[in-house]
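Visitor: I am new to this structure and would like a close look at a single residue. Please set out the whole protein before turning to that one place.

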Amino acid sequence: MPETPEQSAAGRFDTVLIANRGEIAARIQRACRELGLKTVAICSEADRQAPYGKTADSFICIGPSTVAKSYLNQDAILLAARLAGAGAIHPGYGFLSENAAFADAVEKAGLTFIGPTASSIATMGDKISAKRAMMTAGVPCVPGPDTALPDDPATIECIALEIGFPVIIKAAGGGGGRGMRVVPKADFLHEAIALTREEARKAFGSPSLYMEKFLEHPRHIEIQVICDDHSNAVWLGHRDCSMQRRHQKVVEEAPAAGIAPDIIQPVGLACVQACLQIGYRGVGTFEFLYEDGAFYFIEMNTRLQVEHPVTELTSGVDIVQAQIRVAQGHVLDLSQGDVSCEGHSFECRINAEDPESFLPSAGVVTHLALPAGPGIRVDTHIHAGYKVSPYYDSLIAKLIVHAPTRAQAMARMREALAGTEVEGISTNIPFLRALFEDGAFAQGETDIHYLEQWLKLRRAA
Ligand code: ADP
C-alpha cells in the first residue's frame with residue numbers, strides 16, 4: 001500500500017538513542033546508520049571502552065556500573081536523549097525494553113519509543129492478561145485458567161485437579177526463566193504456591209500467580225511478527241528455541257525442523273490476527289510450546305529478541321531496520337505474500353562462562369579470532385583487549401550461520417565454532433562444539449529438556 005504524505009511524515013526522527021549495551025547496541029547502531037540516522041550510544045562507567053561508543057555520533061556515560069544506576073535509570077537516559085538531541089529511543093532487549101512505564105515516559109517526553117505502545121507492553125507483560133488476550137483472539141493456549149490463582153486452598157486444589165497433574169505455577173510478572181515451579185502431584189501444591197508467591201513478590205513486585213498444565217516433552221517454537229501503525233501485520237516464519245539450560249535459550253534455529261507448513265500456517269495467521277485485534281505495533285514474538293502436533297501459547301515478547309538474526313537470515317528481512325521504519329510511521333513495505341523463508345539458520349550464544357560449571361567468567365580478552373566465510377555472521381561488540389565486566393549478562397557474541405539445508409547449516413556451524421578462538425576468559429565454546437557433534441540434536445526435533453539431560457549424561461560419563 002503506498003504511503004500518503006501524512007503517513008510518511010509521521011513520527012520522523014533523525015537521531016536515535018540506543019538504551020542498551022553489548023552486541024545489541026552495536027547491532028542497532030549499524031541498522032540506524034544504514035538508514036541514514038544519527039546515533040547516541042550510552043554507557044555505564046564499566047562500559048566506557050565500548051567500541052560502539054567510538055562509532056556513535058554521541059557517546060554519553062549515564063551512571064555507575066550497577067544496572068539500577070545506569071541502564072535501568074530512566075531519568076538519566078531521558079536526560080541523555082535531551083542533551084544529545086535524540087528524537088527516538090531504541091531499548092534493545094532486556095533492561096527497559098518491556099517496561100511500560102518507560103515507554104510511556106519516553107512518549108511523554110515528546111520522543112518516539114521504538115517499540116509497541118505502553119498499553120500493549122503492559123497487557124503482554126502480565127502473562128495472565130496476555131493469555132486472556134490470546135484466548136480471545138483465538139490463539140491456542142496451554143490448558144489452565146486465564147485468571148490469577150485465588151488465596152483459597154480448596155479452590156486452588158479444584159483448579160489443579162481440573163487441569164490434571166503435573167501442573168506448573170507461574171508468576172504473572174515472571175521473565176527470564178524465573179518465577180516458575182513444576183508441581184508433579186497434589187502433595188506439593190500448597191508449598192510450591194507459597195514459595196513461588198514469595199519469589200514473585202520479591203523478584204517481580206507482584207505476588208500474582210497462575211497455573212497451567214505442565215507439558216512433559218514439548219518443543220519451544222516461536223513466531224516472529226512485525227506490524228505497522230496502519231493495520232498491517234506479517235509473520236516472518238518460525239524458530240525453534242528448545243535447546244535451553246535453566247529455561248534460558250542456548251542455541252536457536254529457523255525454521256523449526258519437521259513441522260509441516262499446513263500445521264504452522266494457521267498458527268502464524270492467528271498471531272497476525274491477534275496483533276491486529278490488539279492494535280500491536282512494532283516487532284514481537286509469540287512463544288509456543290509444541291507437543292504431539294499441537295501448539296500452546298505461553299507468552300508474547302514485545303521487543304526485539306536475541307535470536308532475531310536466524311529469522312533475518314532465512315526471511316531476508318532486516319528486522320531491526322523494519323522495526324525502526326515502522327516506529328517512524330512508515331507503512332510496512334512487505335505483505336504476507338512477499339515473505340518466503342529460505343534455507344536453514346542456527347545461532348549459538350557465546351557466553352563468558354565456564355563450559356562445565358557455567359559460572360560467569362570476567363576479565364580481559366587477550367586473543368580473539370572470529371570465523372568468516374559464506375553464510376557466517378557474527379554479532380559482537382568484543383575485540384582483543386576488551387574487558388568483560390562482571391556486572392552484566394555473560395553474552396559476548398552470537399555466531400549465526402545460514403545454509404540451504406539443516407544438515408549443511410549444522411556443518412557450517414561446526415566449522416564456524418572451530419574457527420572461533422577466545423582467550424583470556426572462559427567461554428561456553430567447548431560445550432557448543434560438543435553439542436553440535438550430538439546425534440540426536442543432528443536428527444532434530446529434540447524437546448526442551450534434551451539439553452539438561454545431555455549435560456547430566458556428559459557429567460556422569
Ligand atoms: P519466561 O518469560 O521466564 O521466559 P516462559 O513462559 O516463556 O517464561 O517459559 C520459559 C520456559 O519455561 C519455556 O521455554 C519452557 O521451557 C518452560 N515452560 C513454561 N511453561 C511451561 C509449561 N506449561 N509446560 C512445560 N514447560 C513450560
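**From the whole protein to E23**

Guide: The protein has 16 helices and 20 strands. Its radius of gyration is 22 Å, close to the 23 Å given by the globule rule for 461 residues, so the protein is as compact as a globular protein of that length. This is a predicted model. Along the principal axes, the C-alpha trace spans about 60 × 55 × 45 Å.

Next come burial and surface. Of the 461 residues, 56% count as buried. The accessible surface of the protein is about 18,700 Å², and carbon and sulfur atoms account for 53% of that surface. As for charge, the protein has 41 positive and 55 negative charges, and the mean positions of these two sets lie 5 Å apart.

Contacts lead towards the residue itself. Taking contacts between residues at least 6 apart in sequence, 67% join residues at least 24 apart.

Now the single place: E23 is found in helix α2, which covers residues 22–34. The relative accessibility of E23 is 3%, and because buried means under 20%, E23 counts as buried. Leaving aside residues up to four places away in sequence, E23 touches Y93, D379, T380, H381, L395 and K398. To find this place in the model, start from helix α2, where E23 sits, and then look for the residues that E23 touches, among them Y93, H381 and K398.

Terms used:
Residues numbered from 1 in each chain as written. Predicted model: local features only at pLDDT ≥ 70, side-chain atom pairs only at ≥ 80, totals over all residues. Heavy atoms only, no water. Helix = DSSP H or I, 4+ residues; strand = E, 2+ residues; numbered from the N terminus. Buried < 20%, exposed > 50% of the residue type's maximum accessible area, 1.4 Å probe, protein only. Contact = heavy atoms within 4.5 Å. Rg over C-alpha atoms; globule rule 2.2 N^0.38 Å. Areas by Shrake-Rupley, 256 points an atom, 1.4 Å probe, with all protein chains shown as cover. Lys, Arg positive; Asp, Glu negative; His and termini not counted. Charge placed at Lys NZ, Arg CZ, Asp CG, Glu CD.
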